[in-house]
Amino acid sequence: YIYVTAAGWEAIQPSMALALQHGTPLEILTPERAAELLPLVGYAETTGIIFDPQSIRIRAADAIPALAATAQAAGVRFQFDTLVEEFIDSEEAISGVLTTRGTYKAPLVVVAAGAWSRPLLAQRAIALAAKPRVVARYTTNSLSGVNIKLPMLMFSDSGHRFFIREEDGGLLIGGADP
């Protein structure tokens with residue numbers, strides 16, 4: 001987690017202390033350690049860098065199909081390429097959906113519309129605890145010095161939650177719309 005502003009670095013201190021209390025082995029990088037882990041980053045341009053050596057990389061493109069296959073093996077039925085036209089209500093909750101392919105009822109309805117979940121549910125005055133965001137990403141061609149060992153770089157105090165990680169020998173660069 002890279003911070004480039006003093007305000008951002010100061011603001012993260014309570015969360016970092018809490019993470020350490022819960023056993024997350026965070027490391028505040030020195031210039032020497034940063035050069036070892038992040039040779040492509042100009043340390044002098046940062047206010048502070050936090051490294052989580054136990055973090056792992058999970059690509060959504062790999063994780064989502066694996067999760068879907070696990071859910072399907074457990075009996076979940078998916079309906080793809082189907083538009084939801086309206087929700088069906090029971091007294092306590094949404095009990096199904098009316099779609100372009102018919103009506104589906106279930107004891108549990110999962111809305112998985114990504115960044116569009118909040119406005120979809122807002123039509124029904126249902127609050128969504130998560131804050132999904134539209135994220136833009138692009139990738140570069142392969143670049144010298146970039147390899148799979150490059151930790152994901154999160155510019156946490158940028159307004160757009162800017163991030164960079166390795167992808168096929170190049171960089172995947174992205175950010176979220178606040």
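This report describes an antiparallel sheet, a kinked helix and a buried serine in a predicted model.

**The three-stranded sheet**

Strands β4, β5 and β6 form an open sheet in the order β4-β5-β6, with antiparallel pairing. The edges are held by β4 (84-89) and β6 (102-105); each has a single partner strand, so one side of each lacks a neighbour in the sheet. On average, neighbouring strands are turned by 25° against each other, direction ignored. Strands of a sheet pair through backbone hydrogen bonds, in either a parallel or an antiparallel sense.

Strand β5 spans residues 94-99. Five of its six residues are buried, so β5 is largely enclosed by the rest of the structure.

The pairing of β5 with β4 comprises five bridges, while that of β5 with β6 comprises four bridges. Each pair is also linked by a hairpin: four residues join β4 to β5, and two residues join β5 to β6. Individual positions that face one another across these pairings are listed below.

| Residue | Opposite residue | Strand of the opposite residue |
|---|---|---|
| Phe87 | Val97 | β5 |
| Leu98 | Thr103 | β6 |
| Thr99 | Gly102 | β6 |

**Helix α1**

Helix α1 covers residues 6-21, a total of 16 residues. From its first C-alpha to its last it reaches 23 Å, close to the 22 Å expected at 1.5 Å a residue. The helix nevertheless contains a kink of about 35° at Gln13, shortly before the proline Pro14.

Which residues of α1 are buried? They are Gly8, Trp9, Met16 and Ala19. These buried residues pack against three strands, namely β1 (2-3), β2 (27-28) and β3 (48-51). An α-helix has 3.6 residues a turn, so residues three or four places apart point the same way. After α1 comes Gly23, which has a positive phi near 95°.

**Ser117 in helix α4**

Ser117 belongs to helix α4, which comprises residues 117-122. Is this serine, Ser117, buried or exposed? Its relative accessibility is 5%, and a residue under 20% is classed as buried, so Ser117 counts as buried. When neighbours within four places in sequence are left aside, Ser117 is in contact with Val111, Ala112 and Leu128.

**Summary**

In the sheet, β5 pairs with β4 through five bridges and with β6 through four bridges. In α1, the kink lies at Gln13, and the buried residues include Trp9 and Met16. In α4, Ser117 is buried and has Leu128 among its contacts.

Conventions: Residues numbered from 1 in each chain as written. Predicted model: local features only at pLDDT ≥ 70, side-chain atom pairs only at ≥ 80, totals over all residues. Heavy atoms only, no water. Buried < 20%, exposed > 50% of the residue type's maximum accessible area, 1.4 Å probe, protein only. Contact = heavy atoms within 4.5 Å. Pairing = 2+ DSSP bridges. Axes fitted to C-alpha atoms, helices over the stretch in contact; angles between N-to-C directions. Expected span 1.5 Å × (residues − 1). Bend = angle between axes of the 7 residues up to and from the residue.
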